[in-house]
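Work through the exercises below with the model open, and try each task before reading the solution that follows.

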Amino acid sequence: MKLVVAIVQDKDSNRLSNALIKEGFRATKLASTGGFLRAGNTTFMIGTEDERVQEVMHVIRANCKVREQLVTPVSPMGGTTDSYIPFPVEVQVGGAAVFVLPVERFEHY
């Protein structure tokens, strides 16, 4: 058995949740926040049999897309902000960060 932990952007969360249910996977959703953009994410914890891990990965890949987004950098923490003029920069957001972990034991009460 494996535990698949997928961290996805909130924009992809509902689509991924519906797709997982449609394919017969059960998941626990946790609200999380990204460190770089400080944007809302959703962390999915999905327990599955070893032979179904590739199916889960396919569902995640099909429903979590990378896209471009303009963001304004946060002002510098030290020094003066008088000379700091924030210009929007384009960054890639979305997609999914996925970890697959072995499960030593699973019990359900």
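**Exercise 1.** Which residues of helix 2 (residues 53-63) are buried?

*Solution.* The model is a predicted one, in which local features need pLDDT of at least 70 and side-chain atom pairs count only at pLDDT 80 or more, while totals for chains, interfaces and linings use all residues. Residues are numbered from 1 along each chain as its sequence is written, and side-chain values use heavy atoms, with hydrogens and water left out.

Begin with the terms: a residue is buried under 20% relative accessible area, exposed over 50%, and partly exposed in between, with a 1.4 Å probe and protein chains only. Helices (H or I, at least four residues) and strands (E, at least two) are DSSP runs, numbered from the N terminus. By these criteria V53, V56, V59, I60 and N63 are the buried residues of helix 2. Seen down the helix axis, these buried residues fall within an arc of 125°, and so they line one face of helix 2; the arc is that of the directions from the axis to the C-beta atoms. An α-helix has 3.6 residues a turn, so residues three or four places apart point the same way. On the other side of helix 2, Q54 and R61 are exposed, and E55, also found in helix 2, is partly exposed with a relative accessible area of 36%.

**Exercise 2.** State what covers the buried residues of helix 2, and then place M57.

*Solution.* The cover includes strand 1 (2-9), helix 1 (10-22), strand 3 (40-48) and strand 6 (96-102). M57 has its place in helix 2 and, when residues up to four places away in sequence are not counted, touches V98 and V100, where contact means heavy atoms within 4.5 Å. The C-alpha atoms of M57 and V4 are separated by 8.7 Å, although these positions lie 53 residues apart in the chain count.

**Exercise 3.** Which residues have the most contacts inside the largest nonpolar core, and which elements give two or more residues to this core?

*Solution.* A nonpolar core is a set of buried Ala, Val, Leu, Ile, Met, Phe, Trp, Tyr and Cys residues joined through side-chain atoms within 4.5 Å. The largest one has 13 residues, and those with the most contacts inside it are V8, L16, L20, F44, I46, V56 and I60. Strand 1, helix 1, strand 3 and helix 2 each give two or more residues to this core. Leaving aside neighbours within four places in sequence, F44 is in contact with residues that include V4, V8, L16, L20 and A27.

**Exercise 4.** Is N41 buried or exposed, and what does N41 touch?

*Solution.* N41 lies in strand 3, and because its relative accessible area is 17%, N41 counts as buried. Among the residues that N41 touches, not counting those up to four places away in sequence, are I7, V8, D10, L30 and S32.

**Exercise 5.** How many helices and strands does the protein have, and in what pattern do they follow one another?

*Solution.* The protein has two helices and six strands, and read along the sequence the pattern is β-α-β-β-α-β-β-β. Buried residues make up 27% of the 109 residues. Among contacts between residues at least 6 apart in sequence, 68% join residues at least 24 apart.
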